[in-house]
Amino acid sequence: MAQNFLSCDREQELLLPPSLREWLPEEHLAWFVLDAVAEMDLAAFYAGYRDDGWGRAAHDPAMMVALFVYAYAIGVRSARAIEQRCHDDVAFRVITANRVPDHATIARFRVRHEAAIAGLFGEVLALCARSDLVKVGVVAVDGTKIAAAATHHATRTYEQIAREILEEAARIDAAEDELFGEARGDELPEGLRTSGDRRKVLREAKQALEAERAAQAKKIPRDRAERLVECRRRLRQDWELERHVVSEHAAWHAAGIASDGSRRMTGARHNIKPYPLPAEPAGKINVTDPDSRNLKTTRGWVQGYNAQGVVGEGQIVLAAEISIESLDTASLQPMVETTLHELAGAGVSETPGVVLADAGYWKNDAIDAIVAQGMQVLVAPDADRRKEPRPGRRGGLYDFTRRVLATDFGKQLYLRRQGIVEPVFGQIKSNRGARQFSRRGRSAVRSEWRLLTATHNLLKLHQHHLAAA
């Protein structure tokens, strides 16, 4: 008697069921992503296409959004890898309805709809809110360093950049004239404050300059010569800013005017060391991704970005932004304000009850501003609370926070920070392999980071629906 096997005829037509609904089980993530995208407002994507029917037919933006969301959810971010999955992965073929957009089309869609892709974070957060997954009683703020699509070996000084530029000076000058016209390209932002502590003023001025650059959201040029022009312009701009602040601060101090506007400092003798000004820009910048920075981590230095997140109970990300500062000090208040904006956009009327953060976020002014809005803040004043308090920081908020953290309730509350926010970064970086951004520039990286956190929330929502079923 012959052995009995199921037939395996690869020449048989319609080997797979003709209905896409039969290709995947109903609880598969791909179906959930398609249903979720159908609930989103995608007007920002459709606005970029003609509505008169003319021109070459394009892929449906809803399909492309679902393709990106599903790909990022399972850790596939390369345009070429996505195209390959559209050929040989059943779930991808279901999402694309058996069409295969090529990698160039996928990459161009990501660049063209950069801002709209970043806006998907709010759409997913709104879906989570409708399922009662957004809990804001206790939220945690934290940041994680993620490598840029650049190496620290591409970091150059002003002299090195100038040397490379001289090799093709004529073409560079023509490019600069086209970009800046009569302007030099290194003009400073207006309204710089020059009174007060010099180091603080300089730090605030640099932060204002970086905020202005972030608001302009320039894309990183693909051409290396254009990137060299931009890098030289930024180094000169930083240098001019430093010279302006130092000279204006020296004039303010010589006039004897105090920070409150009075002249009580006139004639006073203050031992302020002169600030040496270099003859030419002395900083360094990465010529592959000028927006990235060499950031210090617990495992050394990394050329990348400081990805910030605010996470609520249940590990739902409530806000996600990008910083280029190695320290988290300046991010506490902006991240809380961004959280309030995201919650309002998602239809959540509640505000966070308690905000938790580690010692890197300690800043008295920021904490006071958040408390004034009706939210409690618990930030560790010291990285190691077992040590004696710092003599220069005693009193007021510092001592009060140390007393709170010394109580059993304060300890238990603060310990919740680790379990709320750190697993989110571990899941994104380790489980889904997002240890390096695939695109360059602050705007592109922000779009990618918000898509990563949005798909994290979507995975949580999918698990919630499976458990409910």
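This report covers the chain as a whole, one strand hairpin and one internal cavity.

The model is predicted. The chain holds 16 helices and eight strands. Of its 469 residues, 45% are buried. Contacts often span long stretches of sequence: among those between residues at least 6 apart, 73% join residues at least 24 apart. The accessible surface of the chain is about 25600 Å². Carbon and sulfur atoms account for 50% of that surface.

**The hairpin**

Strand S5 covers residues 300–313, and strand S6 covers residues 317–323. The two strands run antiparallel and pair over six bridges. One pairing joins Gln308 to Glu321 in S6. Three residues separate S5 from S6 in this hairpin. Gly314 sits in the turn, with a positive phi of about 90°. S6 is mostly covered, with seven of its seven residues buried.

**The second largest cavity**

The whole structure contains two cavities of 30 Å³ or more. The second largest has a volume of about 40 Å³. Which helix gives the largest share of its lining? Helix H16, residues 442–468, does so with four residues. The lining includes Tyr72, Arg110 and Ile117. Also among the lining residues are Ser438, Arg439, Ala444, Ser447, Glu448 and Leu451. By class, the lining divides as follows.

| Class of lining residue | Number in the second largest cavity |
|---|---|
| Nonpolar | four residues |
| Polar | two residues |
| Charged | three residues |

The lining thus mixes nonpolar, polar and charged residues.

Definitions and conventions. Residues are numbered from 1 along each chain as its sequence is written. This is a predicted model: local features need pLDDT of at least 70, side-chain atom pairs count only at pLDDT 80 or more; totals for chains, interfaces and linings use all residues. Side-chain values use heavy atoms; hydrogens and water are left out. On a 1 Å grid over the protein atoms alone, a cavity is a set of points where a 1.4 Å probe fits but cannot get out, and a pocket is an open set with protein on both sides within 12 Å along at least five of seven lines; lining residues have an atom within 4 Å of a point. Grid points are joined across faces, edges and corners, and a volume is the space filled by probe spheres set on the points. Ala, Val, Leu, Ile, Met, Phe, Trp, Tyr, Cys and Pro count as nonpolar, Asp, Glu, Lys and Arg as charged, and the others, Gly among them, as polar. Buried means under 20% relative accessible area, exposed over 50%, partly exposed in between (1.4 Å probe, protein chains only). Contact means heavy atoms within 4.5 Å. Accessible areas come from the Shrake-Rupley method with a 1.4 Å probe; for residues, only the protein chains shown count as cover. Two strands pair if DSSP finds at least two bridges between them.
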